[in-house]
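Colleague: Could you take me through one part of this model slowly? I would like the sheet, the helix that goes with it, and the charged side chains around them.

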Amino acid sequence: MTLAPGLLIKKSKINGKGCFAIVSFRRGKKIAEYTGERITDLEARRRARKRRYLRICDIDGRVSLDGSRGGNGTHYINHSCRPNAYMKNLYGHVLFFALRDIAPGEEITVDYEQTLLPDSKRCHCGAENCRGTINKL
Ligand SMILES: [Zn+2]
């Protein structure tokens, strides 16, 4: 796996492995693009059912990217109810941006809000304002 510049994958306190910054990212700056195999949402739902860790990102309600095939480390970005990054869909590309200044060593997190995980999937992000589930119900 070739990681996007400035990123490192290691064990996370939140969930399994996580994606960590090894450089600083200034607030508002692009962190990386979500890469992976382009698949239909139907195929995404089929794969999601069999996975403990999802690693699939929906682009537009029709096409998804499966980061477990051809991902650059961004597919390890965990959910947090108090994230330091956010995702933005720009012309069919999913990009991660820093929500605030991120220092080297920090785990990069986003609020995924809606995932292919079941709505009952519990969140263990540890934030004070944790809503208890990964999907925003
Ligand atoms: Zn949470």
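Modeller: Here is that part, step by step, followed by a brief look at another strand pair.

Keep in mind that this is a predicted model. Start with the sheet. It is open and has three strands, in the order E4-E6-E5, with antiparallel pairing. Strand E4 covers 37-40 and strand E5 covers 56-58, and these are the edge strands. Each of them pairs on one side only. On average, neighbouring strands of this sheet are turned by 30° against each other, direction ignored.

Now look at one pairing in detail. E5 and strand E6, residues 63-66, are antiparallel partners over three bridges. Find Asp58, and you will see it opposite Ser64 in E6. In a regular strand, side chains alternate between the two faces of the sheet.

Next comes the helix. Helix H1 spans residues 41-49 and lies across E4, E5 and E6. Its direction is at about 100° to E4.

Now for the charges. Side chains of opposite charge can pair when their charged atoms come close. The count for the model comes to 11 salt bridges. Begin with Glu43. Arg46 forms a salt bridge with Glu43, and the closest N and O atoms are 2.7 Å apart. Why are these two separated by about one helical turn? Because Arg46 and Glu43 are three residues apart in helix H1. Arg47 also forms a salt bridge with Glu43, again with 2.7 Å between the closest N and O atoms. Here the two residues are four apart in helix H1, about one turn of the helix.

Check how covered these residues are. Arg47 and Glu43 are both buried. Arg46 has 38% relative accessibility, so it counts as partly exposed.

Move on to the end of the helix and beyond. The side chains of Arg51 and Asp66 meet in a salt bridge, at 2.7 Å from N to O. Arg51 lies in the loop between H1 and E5, and Asp66 lies in strand E6, so the pair ties together parts that are 15 residues apart in sequence. Is each partner buried or partly exposed? Arg51 is partly exposed, because its relative accessibility is 22% and the cut-off for buried is under 20%. Asp66 has a relative accessible area of 0%, so it is buried.

Put the pairs together. Salt bridges that share partners join Glu37, Glu43, Arg46, Arg47, Arg51, Asp66 and Arg69 into one network. Helix H1 holds Arg47 and Glu43, and strand E6 holds Asp66.

Now the other strand pair. Strand E8, residues 85-90, and E9 are antiparallel over six bridges. Asn89 stands opposite Val94 in E9. Strand E9, residues 93-98, is mostly covered, with five of its six residues buried. E9 also pairs with E3, in the antiparallel sense over three bridges. There, the bridge partner of Glu33 is Leu95 in E9.

Finish at the turn of that hairpin. Two residues sit between strands E8 and E9, and Tyr91 takes a positive phi near 50° there. Most residues other than glycine have a negative phi. Tyr91 is not a glycine, yet its phi is positive. Tyr91 has 79% relative accessibility, so it counts as exposed.

Methods:
Residues numbered from 1 in each chain as written. Predicted model: local features only at pLDDT ≥ 70, side-chain atom pairs only at ≥ 80, totals over all residues. Heavy atoms only, no water. Pairing = 2+ DSSP bridges. Axes fitted to C-alpha atoms, helices over the stretch in contact; angles between N-to-C directions. Contact = heavy atoms within 4.5 Å. Buried < 20%, exposed > 50% of the residue type's maximum accessible area, 1.4 Å probe, protein only. Salt bridge = Lys/Arg side-chain N within 4 Å of Asp/Glu carboxyl O.
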